[in-house]
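Subject: Structure for your files

Hello,

Here is the structure we spoke about, with the sequence alongside. Notes on its packing and its cysteines follow below.

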Amino acid sequence: MTRSVPAWLDLGNPRPKEQLTAYTPIEWSGQRIALPTKGSARAPHLAALLGTRRSRRDFAAPATLDDLAAMLELCCRTREVQASDLGFYLEFRPHPAAGAIHSVHTLVQRENDEDWMYYDAQAHQLVSLPGTAAAANAARSAADELVPAANASLIALVAEPNKAAAKYESPGSLIWRDAGVLLGYFSICAEALALSFCPLGITGQRTLDRDLDEQGRLCGVGMALLGRSLPG
């Protein structure tokens, strides 16, 4: 049985068109101000990293546990918590999130046929979710239709909308922005760690939400592939 996704979260599952549609972009007119190019001098290490960042779709092998530990620590590990009136702690992590609520969770299937693992950002631990291997394989199959996933680890972003709704009216856009920010952080950290990383257009809706929580409290908001880079 497929659960319905709230309208404010359901943006569909984007896929490339079979027939492309030509479009002429807007041309912005007005007075132009030339900007200096001093960013590289002020932050040379960051400039070098951003200069080489690409979405990389070829993988030599799935990410190791050490690879995952490094990436999750750099991007997601909770640095500080703060009590709140919302029923849960606010968390301060490297990447920003609306209201420090962090309603978007990270799941990993390191290799095919393994269970999903949930990243506990406060404990810096991966928590195996028993009995979810079939659900993770289904998500992997959906990813594989877009980018060959056999040699990669699968990352899924799963939102818990009611966490954001505890503070915000109409929290849907906040959740989607949080997911996008997290994917951006992953892409930069993967480059720093010399790993291949490719965010996917599909959100994982229907594939993720229906199998992970019987009470319908979760919603897929993003998927990506991570793995060892090919030599050269």
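The largest nonpolar core in this predicted model has 29 residues. Ile 155, Leu 157, Phe 186, Phe 197 and Leu 226 have the most contacts inside this core. At least two core residues come from each of these elements: helices H3 (65-76) and H6 (172-192), and strands S4 (104-109), S7 (153-159), S8 (195-200) and S9 (219-228). H6 gives the largest share, 8 residues.

A second core, of 21 residues, lies apart from that one. Its members include Ala 139, Ala 149, Leu 154 and Leu 218.

Back in the largest core, Leu 157 may be worth displaying with its surroundings. Setting aside neighbours within four places in sequence, Leu 157 is in contact with Ala 179, Leu 182, Leu 183 and Phe 186, among others. Its contacts also include Val 104, His 105 and Thr 106, as well as Leu 208 and the run Cys 219, Gly 220, Val 221 and Gly 222.

On the cysteines: the structure holds 0 disulfides. Why is Cys 75 not bonded to Cys 189? The sulfur of Cys 189 is the closest cysteine sulfur to that of Cys 75, but at 3.2 Å it is too far for a bond, since a disulfide needs the two sulfur atoms within 2.5 Å. Seen from the other side, Cys 189 is in no disulfide either, and its nearest cysteine sulfur is that of Cys 75. Cys 75 is buried, with a relative accessible area of 0%; Cys 189 is also buried, at 12%.

Regards

Notes
Residues numbered from 1 in each chain as written. Predicted model: local features only at pLDDT ≥ 70, side-chain atom pairs only at ≥ 80, totals over all residues. Heavy atoms only, no water. Core = buried A, V, L, I, M, F, W, Y, C linked by side-chain atoms within 4.5 Å. Buried < 20%, exposed > 50% of the residue type's maximum accessible area, 1.4 Å probe, protein only. Helix = DSSP H or I, 4+ residues; strand = E, 2+ residues; numbered from the N terminus. Contact = heavy atoms within 4.5 Å.
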